[in-house]
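Biologist: Hi, could you walk me through this model? I'd like to start with one strand and go on from there.

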Amino acid sequence: MEAVDGGRLVSVPITVIVNFTRDQYSPVFSTASCDQPISANINTGTLVLTVTATDNDTLPRFGTASVRYSLIGDDGAPSIFNIDGTNGQITVQSGLISNSADIYKLIVEARDGLGKTAVKVCTVTVTRNLNDPRFDVVTYNARILETQPIGVLVTQVRIADADTSAPSNQSNFSLSENADCIEYMQINEFSGIISVKKDLRLNLARPTLYTCTITASDRGVPPRSATNTATATVIVVYNTAPYFDKEVYITNISRTVTDNTLLVTYAVTDNDVDTPFNSLFVYISGGNSARFFRVDNQLKQIFVKNTADMALESDSKYEVFITVVDGGSPPLNDSAVVTLYVTRNIATPTCVNQNIVTINYTKPLGVPVVVVNATDADPVPPMNTVTYSLVNSAPHILQYWLIDPSTGSLSLRAPLPSSGVSGFQIQVVARDGGFPSLSSTCSVQINVNTDSDRLRFDVDNRALSMTETTGVNTAIVTMSASPTPDITFSVIGTDTAPTYFSVVPGTGQVTVIRDLRSDPAKRLQYILLVKATKTFQVTTQEATSTITINVLRNINGPVLSKSIYETTINNGAFIGMSTIQISATDADNDTLSYTVQAPTIGSDYFSVSATTGLISVARPLSTIPVNTTQVGLLISYLSMIPGASQIHQIQYYTCLTY
């Protein structure tokens, strides 16, 4: 062996003994996990973790005692951490705050005395989230419209975190507690921007406030929750409907109006202060005459248009609906009615002619006396259609007169009196059919010719009595009437009386013209109706009077031609043989009847003819018990007077001997 010093080479003989020791095992790390979290603000030199490895070799210089530890990676870990080679303790050798890594992979090598190795990876997680986030501003207020779009910023909440690096100083936001807020609002978990999640108009409760509670946590590992909460109060502004100042606008114009004439100035109110809710627009929304109107939204006025067409129509009333809408979504509205009255009726009816007529008081009812005529200068019906009436006329006018409303024909409705009325001054109202209607009064003078007096009998009804034997041409009464002279009398009627009585036309004298006894009915009473006729200035008048004539009949009884009738007959006289003729007369010319009155002895052997009065043998006289008998006779007549049965009798006795 040679040894060399600073320049000299020396050869020294030595003895080298080589012993062969075999390293049979490699180090083995314990199975326990070596993952370890640490805080980023850990101090330098602070123990992080300890790793342990064993070696089963028996020689100390190869066994566990020989194991040495070292960091062989990963990346920058050996510059941040240090490991004690003998005991495996890993400590921090450089500040973690200045390093941004959150996880370090520490590759630890264990080597025994002969150089055999083992490797174990330890994960060190650096906890950089050192501080809790906190809301410095805990109250947020926002005001939005009900039409706020979904996802558009309402307000933004912010939070403070003392951690200096992400993600520990980054936060996550969420909403809690209020159900309406959770349903209709949302918050961006990263930015803290609150926006509408669901159309606010779908909330039928229409709350004006949404109160949202916001919680937060950072994104550190592990995350930290905020130490307080924030509240966002969102005021929701709902659209309110505009409204007109009136429900109905009424105006009047003449049919001669021109285009662009102002009709109505309207006012619309909207209590909203936000755009577009308070943006208003008025338009004509309906009606049967929209073509005649236009709306000026700037002036808030309604004008007439197309008046040339309007003038050709007959309608006097037009209605249109106007609607105001706002800028809401959906828009809200209100409606009003514009009623336009067109005065088409400008001309007043004019009476055409002077109406002066003269009539007799006998004018028949319903026959036209005069036709009142009025014209109207308006161009179209019903403005130029004239009707007539007796409005406001005096009671005596309405008592006697009526007028045809359409033709103006004036006629009588009740008979005029024959005297006391000289004429009528009638005011006829001529009214057109316009709205409002116009009228004028036409004066009618009707003069009435009447008679100076009235024909009448001096005595309306008479009654008298007479006998049936009163002679023909006998005057029984004289009728008189007034005023005289020139009165003619006559008998009228279909009764039997004119057969037996008549009246002298010039004098009114009533006479018998036929024998009353010739009346087969033998009436006891006759009703004679006498008419008086006289021609006056206007009319020929008639009057009637009744004469009741009572007739006395059968006032005389039968009279025998002699007082005693006697005769002698043979007892052998045959049956039916005439024996004696009884004769009687009656001054009333009545028919006499003969009958046996009271039978006596033997009187039944004789009979009498009822019509002739002849007495005849009725039985054989051979058997008669007496020589002389008396036959009592009853002579009578029956008065044939309607309603009476009066018998006049005379008793007579006849003596027969044989």
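Modeller: Happy to, and please keep in mind that this is a predicted model. Let's begin with strand E36, residues 439–449. Its covered face is made of Ser440, Cys442, Val444, Ile446 and Val448. The uncovered face has Ser439, Thr441, Ser443, Gln445, Asn447 and Asn449.

Biologist: Why do the numbers skip by two on each face?

Modeller: Because in a regular strand the side chains alternate between the two faces of the sheet.

Biologist: Which strands does E36 pair with, and in what sense?

Modeller: Strand E29, residues 355–360, runs parallel to E36, and six bridges join them. Strand E35, residues 423–432, runs antiparallel to E36, with nine bridges.

Biologist: Which residues of E36 could I click on to see those pairings?

Modeller: For E29, take asparagine 355, whose bridge partner in E36 is valine 444. For E35, take glutamine 425, which has glutamine 445 of E36 as its bridge partner.

Biologist: How many residues sit between E35 and E36?

Modeller: Six residues, and the two strands form a hairpin.

Biologist: OK, new topic. What does E17 pair with?

Modeller: One partner is strand E14, residues 171–176, which pairs with E17, residues 209–218, in the antiparallel sense over six bridges. There, serine 171 stands opposite aspartate 218. Another partner is strand E18, residues 230–237, also joined to E17 by six bridges and running antiparallel. In that pairing, cysteine 212 has alanine 232 of E18 as its bridge partner.

Biologist: What about the loop before E17, between E16 and E17, what's at arginine 206?

Modeller: Arginine 206 is in that loop, and its phi is near 50°, a positive value in a residue other than glycine. Arginine 206 is partly exposed, at 42% relative accessibility.

Biologist: Where else is there a positive phi in a residue that is not a glycine?

Modeller: Lysine 300 has one, with a phi of about 55°. Lysine 300 lies in the loop between strand E24 (293–296) and strand E25 (301–304), and counts as partly exposed with a relative accessible area of 37%.

Biologist: And why point those out?

Modeller: Because most residues other than glycine have a negative phi, and most peptide bonds are trans.

Biologist: Speaking of peptide bonds, where is there a cis one?

Modeller: One joins serine 329 and proline 330, with omega about 0°. Proline 330 is in the loop between strand E26 (317–325) and strand E27 (333–343). Another cis bond joins threonine 484 and proline 485, again with omega about 0°. Proline 485 lies in the loop between strand E40 (481–482) and strand E41 (488–492).

Biologist: Let's do charges. How many salt bridges does the structure hold?

Modeller: It holds 15. One of them is arginine 143 with aspartate 274, where the closest N and O atoms are 2.7 Å apart. This pair links distant parts of the chain, 131 residues apart: arginine 143 is in strand E12 (residues 139–145), while aspartate 274 is in the loop between strand E22 (268–269) and strand E23 (281–287).

Biologist: Is aspartate 274 buried or exposed?

Modeller: Aspartate 274 counts as buried, because its relative accessibility is 14% and the cut-off for buried is under 20%. Arginine 143 is partly exposed, at 48%.

Biologist: Which other salt bridge links distant parts of the chain?

Modeller: Arginine 255 and aspartate 378 are such a pair, 123 residues apart, with the closest N and O atoms at 3.2 Å. Aspartate 378 is buried, with a relative accessible area of 2%, whereas arginine 255 is partly exposed at 24%.

Biologist: Which residues make a nonpolar surface patch?

Modeller: Ile72, Val119 and Val121 make one of about 260 Å². Valine 121 lies in strand E11, residues 117–127, and is partly exposed at 45% relative accessibility.

Biologist: Last one: what pLDDT does the protein average?

Modeller: The average is 88, and 93% of the residues score at least 70. Over residues 639–652, though, the pLDDT is below 50. Beyond near neighbours in sequence, that stretch has 42 contacts in the model.

How values were computed
Residues numbered from 1 in each chain as written. Predicted model: local features only at pLDDT ≥ 70, side-chain atom pairs only at ≥ 80, totals over all residues. Heavy atoms only, no water. Pairing = 2+ DSSP bridges. Helix = DSSP H or I, 4+ residues; strand = E, 2+ residues; numbered from the N terminus. pLDDT = per-residue confidence, 0-100. Contact = heavy atoms within 4.5 Å. Salt bridge = Lys/Arg side-chain N within 4 Å of Asp/Glu carboxyl O. Buried < 20%, exposed > 50% of the residue type's maximum accessible area, 1.4 Å probe, protein only. Patch = residues over 30% accessible without salt bridge, like charges linked within 9 Å, V, L, I, M, F, W, Y side chains within 5 Å. Areas by Shrake-Rupley, 256 points an atom, 1.4 Å probe, with all protein chains shown as cover.
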